[in-house]
Structure formats: C-alpha cells, structure tokens
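Open the model in your viewer and keep the selection panel at hand. We will go from one stop to the next, with a note on what to select at each.

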Amino acid sequence: MLEMFEYDFMQRAFVAGIIIAVLASVSGTFVVLKRYSMISETLAHSALVGVAVGLVGGFNPLWMAVLFAIISAWLIEYLRSAFSLYSDAVLAILLSGSLAAAVIIVSIGGAFNNSLFSYLFGSILSVSSEDVVTIAIFGTLSLGALLFFSKELYFIAYDEEVAQTSGIKVNFLNFLLVSVVAVIIALSIRVVGSLLIGALMIIPSVSALQFRVGFLKTVIISLIFGLFSVVSGMTLSFYFSLPSGATIVLCVLVIFIISLIINRK
Amino acid sequence: MKFNLPIFDIKNLTFIVKGQRILSNISLEIFRSEYIAIIGPNGGGKTTLIRMLLGLEKPTTGEVKIYGKKLSNFKEWHKIGYVPQRASHVDSSFPATVLDIVKMGRTSQRGFFSSFSETDKKLVYDAMAKMDILDLKDKMIGTLSGGQRQRAMIARALASKPEILILDEPNTGVDAASQKNFYALLRKLNKEDKITIVFITHDIGVIADDIARLFTINEKAIICNNPKQLLSCQEMSELYGIDAHLLHNHKHEH
Ligand SMILES: Nc1ncnc2c1ncn2[C@@H]1O[C@H](COP(=O)(O)OP(=O)(O)OP(=O)(O)O)[C@@H](O)[C@H]1O
Ligand SMILES: [Mg+2]
C-alpha cells in the first residue's frame, strides 16, 4: 500500500493535495453559506485562461492562473456591488467567456496537448517541487486570512446587512473572500483540475451541512471529508492511472451520498 | 430634551425609486432614551426609512446624521442594535446554534483572533437570559419556532450592548403571552437601561402608555410629540392613508 510513497512525484502530490483539501473545504464552507457555490466554477474557468496564457506565452501557468482568477473574482464582486446584477447571471457569463478565451488562446498558440489535459482534470504526475512551494506559500496566506476573519465572514454569511450595521466592513471582506477563493482554486488546478475543483470546494461543505450541527463542527466535518476524498482519490489515481481530479471528485460524491442517507428525515 | 444632541437627525429626506415616491420630505429627530413607535400601512415606507437611517439605502435627497456625524463618518456601529423585519426567516440548514447567533452580536467589538473574553461571555449570556432563551442555547436556529428565532435575533442585538435598539415588526408570529412579556421587556430596557427604542409595529394600542412619541409613516411623516395626544393621534393614524397627504410634516415644540 505504501509503495506509492517511494515515488518522489507521489510525495509531492500528497503534500500539495493535503494542503488543497484543507483550503478547499474551509473556504468552501463560507462560499456555500453565502449561496455562492457557482463562483468556484467560474473562477476555475478564469484560472484556465491564466493557464492558457502561461502555456502559450511561456510563463509559469500556476502563477498566471492565480493572477487571472483574482482579476475575475474582483470583476465579479465589482459587477455585483456596483450594478447589483443578479450574481448567478454574472457568474454564468464570466464562466463561458473565460472558457471561450482560454480555448482561443490555446488554439492560436497551438498548445492543445497533454499538458492542457492535466490542467483540466488534474494529474498527480505533474506536480513539481516548485508547485509545492507555491501552493504551500499562497495556501498558508489564504488560510491565515480566512481564519483571521472567520467570525466576521460567518456573520456576513448569516446576514450581510445586519453585519454591516453592526460595524463589520462587509465590502472589504466580500472582496477578501472572493480573492482568497480565487487563489485557492488556481492553486488546486494542478492536482484537481479546473473542471473538477468546484466539486472539491463545495461538496464536502454541503455534505457536512447535512449533519445540522453548529458552525465549528460543520467546518471540521467538511475538513475531514475533504482530506479523506483527496487522499483516497489520489491513491486510486496512482493505482489505476486515472486523472486525479476525477477520482477525488468520485470519492467526495460517495461521501455526499452517504451523508444524505445517514441524515435523511 | 431640547439641549440633548439627537442620536438620529433626519432632514428633508426623500426617496424616489423608478419615478415612484416612497418617502417625501421627512424630517425628524430621535433623542437619547426615547421610546418611539412607528406605525403606518403596508408599503408606507417604514422599513425603507429605517434602512436609510442605517445606511443600507441611500436617500434621493436629504441628510441623515447619527450622533451628529454623517453616516459615512460614523464608526461606533456597535451602539446600534438592529433587528430587521425578515430576521426570523432563516435558511433552516444554516449551521448555527442559538449561542452562535447571539455571539455574532459581539463580533465587531472583539479583537481579531482573540478568544471569547469573559466580558463577551457575560454579555452574551445576559442577553440570552433577558430574552429567556438560555435553555435553547444549543438548539439549531433552523429548528426553532418563529417566535423563538425572533427572540434570538433580539438577543444578538442586545449582546452588542446597544444604546439604541431598532426593531422592525419583531412580533410577527409571536404568541400573545410572549408579546406581553416582550412589551414589558422593552419598557424595562427603556426605563432601567436607558436604551433608546425605535419600534415599528402595528399593535400601537398595547404600547400606547409606554411610548414617548409616535411617528406615522405613509410617504410623509406625521409626528405626535405629546403623549397625551396619542389617542387622537391614533385615531388620526387609523385614517393615515388619507390624512398623511393632507397633513404637513410639522413638529411641536419640545
Ligand atoms: N430599493 C427599492 N426598490 C424598489 N422599490 C422599493 C425599494 N425600497 C422600497 N421600495 C418600495 O417602497 C415601498 C415601501 O416599502 P417598505 O418596505 O418601506 O414599507 P413598510 O412600511 O415597511 O411596509 P410593511 O408594513 O409591509 O413592512 C414598497 O412599495 C416597496 O416596494
Ligand atoms: Mg416593513
């Protein structure tokens, strides 16, 4: 069983995967509570534009993914607050727009290849040491920001207006949350892939919510679910040579179904 | 009262959306330790007025001052406790116990990362005791009845130790006995703790003896400054749909 750790690439993939599981499930809880699940899909597609620019232009795709996801996150928040556009529509428009842009960039650059495939569905083979360092640094900063403001973010998720009238800087914190989510999504596409990261961010929290317990317990349950899915998904990916994003999402779906059954009324 | 700086000072407030006048030229002041009731027909603009006081909605023209400051310069929001009209309509799966909810009332005054201090804890438990929900503290908010939720929302507002409590029809869905207790509690908060109370309600008759002034809002405002006039004000306000347009927004001398 542990033979997989004899490979350096597996060790790297596991370190990266575990950090990502923690980040995705903690940030996912806030995203789900704000009824903002769709944002993870949209930001993942915006990150893909960054990957395309990176692959075609010869920049580090991971850094470009972070950059483009953050720009997209700010655009979403800006459109939402300045024009009070219905956020679902904004997210859908940006999602398709990003995908179109990404496809055009890779087509023009002639970068339709295996490397792109790994960014779509995740690959444990592709995580470099440089990626692990990037994920660890940005990951720690993102998690720090989330924990630092967790009480405020929780209040905002519950009732944005009452939070604002009690003196909480709602606009700033909404921007901060989407920025952190953007960074986490961009970091995750190496291991989970941009088409599947949304599921890893949302499903552990939605499963944890089925247990109907207080906030702290919900976060902890979601964290356990996220970690379990990533570890078992990557193991399956290793032994069956499948894209890691797909196996991780299958594991998290199994957890979701079990949570639904256990907690059915 | 005359020399007292008003908590809220509203001048010539008008709110127009999509060509429709919601509020016209409203001027009023709310003073420290006052107990004010706001009545008016559905859609009369009561909630809108409150939202403008709190900076949640921008007036088309006119000005709101809070403790003598413009809303944008005001920092001490913890002095204001607000329970919105739809407060008890929560997503039933939201992961919050009653204790989680009431603790939110301390969020803006707590230091970052700092754990819940003894003072925070005391204020949270006092607020729950006042609203008589201590025994519900570990219950999930989604499993409570409408009235119990409403009390949790008010406890959260009280936990921030407000100087003014703004309640937008907090009694919808509360049984008669609890309502009586609730009115007694408001009276006590006002008389003993000197908390200013702004209470939007449709049950004006029951609290007529408690309140200092009555605002009737139906696009315009009619202000009754003299408690002795309350009854005639009330009769007048029963016709508010018509009278509000005939009467000017006049203020009596204090
Ligand atoms: N931002 C807005 N956009 C459009 N219409 C608005 C807006 N704000 C308020 N209104 C309208 O203003 C009117 C007054 O609404 P408001 O909620 O203030 O009434 P109310 O006196 O609180 O009524 P109720 O007793 O039913 O709570 C309503 O017709 C409402 O539709
Ligand atoms: Mg209202």
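This tour of a predicted model visits the interface of chain A and chain B, then the surroundings of ligand 1.

**Stop 1: the two chains together**

Colour chain A and chain B separately and select the residues in contact. You should have 25 residues of chain A and 32 residues of chain B. About 2,500 Å² is buried between the two chains, with carbon and sulfur atoms giving 62% of that area. Now show A:K151, A:Y158 and A:T165 as sticks: in chain A these lose the most area to chain B, and together they make up 28% of what that side buries.

**Stop 2: a charged pair**

How many salt bridges does the rule find across the interface of chain A and chain B? There is one. To see it, select A:E161 and B:R51, whose closest N and O atoms are 2.6 Å apart. Polar contacts are there too: five residue pairs across this interface, with both residues at pLDDT 80 or more.

**Stop 3: the helices on the chain A side**

Switch to cartoon and select α6 (129–148), α7 (150–158), α8 (160–165) and α11 (215–240) of chain A. Each of them supplies at least two residues of the side that touches chain B. Which one gives the largest share? Highlight α7(A), which contributes six residues. Colouring this side of chain A by residue class gives 13 nonpolar residues, six polar and six charged.

**Stop 4: ligand 1**

Next, centre the view on ligand 1 and show the 15 residues around it. Those that come nearest are B:G43, B:K46, B:T47, B:T48 and B:Q85. Three distances are worth drawing, each ending at an oxygen atom of the ligand:

- From B:G43, a backbone N or O atom lies 2.8 Å away from a ligand oxygen.
- From B:Q85, a polar side-chain atom is 2.7 Å from a ligand oxygen.
- From B:E169, an N or O atom in the side chain is 3.2 Å from a ligand oxygen.

Turn on a surface for the ligand: taken alone, ligand 1 exposes 650 Å², and the protein buries 67% of that.

**Stop 5: the shell around the ligand**

Go back to cartoon and pick out β1 (8–17) and α1 (46–53) of chain B, the elements that give two or more residues to the shell around ligand 1. The largest share, three residues, belongs to α1(B). Finish by colouring the shell by class, which shows four nonpolar residues, eight polar and three charged.

Notes
Residues are numbered from 1 along each chain as its sequence is written. Chains are lettered from A and ligands numbered from 1 in the order in which they are written. This is a predicted model: local features need pLDDT of at least 70, side-chain atom pairs count only at pLDDT 80 or more; totals for chains, interfaces and linings use all residues. Side-chain values use heavy atoms; hydrogens and water are left out. Contact means heavy atoms within 4.5 Å. Buried area is the accessible area (1.4 Å probe) that two parts lose on being put together, summed over both. A salt bridge is a side-chain nitrogen of Lys or Arg within 4 Å of a carboxyl oxygen of Asp or Glu. A polar contact is a pair of N or O atoms within 3.5 Å; within protein, one must be able to donate a hydrogen and the other to accept it, and residues adjacent in sequence count only if both atoms are side-chain atoms. Helices (H or I, at least four residues) and strands (E, at least two) are DSSP runs, numbered from the N terminus. Ala, Val, Leu, Ile, Met, Phe, Trp, Tyr, Cys and Pro count as nonpolar, Asp, Glu, Lys and Arg as charged, and the others, Gly among them, as polar. A residue is near a molecule or strand if one of its heavy atoms lies within 4 Å of it. Accessible areas come from the Shrake-Rupley method with a 1.4 Å probe; for residues, only the protein chains shown count as cover.
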